[in-house]
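Let's take a relaxed tour of one protein model, looking at its charged pairs and then at its nonpolar cores.

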Amino acid sequence: MYTASLQSLVDELGRLPGIGPKSAQRLAFHILKIAPEDAGRLAEAIVAVKQNTTLCPQCFNVAEGDLCDICNDPRRDGAILCVVEDPRDIVAVEKTQEFRGRYHVLHGSLNPLEGVGPDQLRVKELLARLEGEGVTEVILCTNPNLEGEATAMYLARLLKPLGLSVTRIASGLPVGGDLEYADELTLGRALEGRRQVDA
């Protein structure tokens, strides 16, 4: 029904995560309608990100150049390492403006059903960093789902014997949430992670 080039664009957009056939069609027709210079900028941005973006060899965050901006920042505390699943998680933690240490990106979480074990993650690289960088605390900042919890437990068992402080981010109720809508696991975690109230 479409021209060959339009159908090709719809097909390629449909391969993106979270984009179904209808969304792919909408995006393709939007690109068809916009000015040629706008479409050109989009195409150039896609080509540039593929050509210029690499993984930081130290933390495995996205980078342009030798190291990522965080590893290049001398004001960061190298003794504290926050382990995350994905580079996008770094953005979420950074938005809090509460963490001034460094990161390590695993690029996934343990998922035996999909064939993802420790060898498919950046676990060996994490262990190598601990020796050379003087790390004293590792914060396990994996997602609070089954895979993230399994990954955190695996890493905790691996890291504890090394004499490091191994901590896990707290999880519980979101601000503005109602108790009656919380599931048992979330409410249980909130109770487990309770802290002293300063009067």
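Is Asp 38 buried, partly exposed or exposed? This is a predicted model, and in it Asp 38 has a relative accessibility of 31%, so it counts as partly exposed. Asp 38 also has a charged partner: it makes a salt bridge with Arg 41, with 2.3 Å between the closest N and O atoms. Both residues sit in helix H3 (residues 36-52), and because they are three residues apart there, about one helical turn separates them.

That pair has company. Side chains of opposite charge can pair when their charged atoms come close. Across the whole structure, a search turns up 10 salt bridges. Here are three of them, with the gap between N and O atoms.

| Salt bridge | N to O distance |
|---|---|
| Arg 41 and Asp 38 | 2.3 Å |
| Glu 94 and Arg 76 | 2.6 Å |
| Asp 86 and Arg 88 | 2.7 Å |

Take the pair in the middle row, where the side chains of Glu 94 and Arg 76 meet. Glu 94 belongs to helix H5 (residues 87-96), while Arg 76 is in the loop between helix H4 (69-72) and strand S3 (77-84), so this bridge ties together parts that are 18 residues apart in sequence. Glu 94 is partly exposed at 25% relative accessibility, whereas Arg 76 is buried, at 8%.

How exposed are the partners in the last row? Asp 86 is partly exposed, with a relative accessible area of 22%, and Arg 88 counts as exposed at 65%. Elsewhere, Asp 73, Arg 75 and Arg 100 are joined into one network by salt bridges that share partners.

Now for the nonpolar side of things. In soluble globular proteins, nonpolar side chains tend to be buried together. The largest nonpolar core here has 17 residues, and Val 83, Leu 130, Val 138, Leu 140, Leu 155 and Leu 159 are the ones with the most contacts inside it. At least two residues of this core come from each of S3, helix H6 (123-133), strand S5 (137-140) and helix H7 (146-159). H7 gives the largest share, four residues.

Which residues does Leu 155 touch, leaving aside those up to four places away in sequence? The list is Val 83, Leu 106, Val 123, Leu 126 and Leu 140.

Apart from this core lies another one, made of 16 residues. Its members include Cys 59, Ala 63, Ile 90 and Cys 141.

Conventions: Residues are numbered from 1 along each chain as its sequence is written. This is a predicted model: local features need pLDDT of at least 70, side-chain atom pairs count only at pLDDT 80 or more; totals for chains, interfaces and linings use all residues. Side-chain values use heavy atoms; hydrogens and water are left out. A salt bridge is a side-chain nitrogen of Lys or Arg within 4 Å of a carboxyl oxygen of Asp or Glu. Buried means under 20% relative accessible area, exposed over 50%, partly exposed in between (1.4 Å probe, protein chains only). A nonpolar core is a set of buried Ala, Val, Leu, Ile, Met, Phe, Trp, Tyr and Cys residues joined through side-chain atoms within 4.5 Å. Contact means heavy atoms within 4.5 Å.
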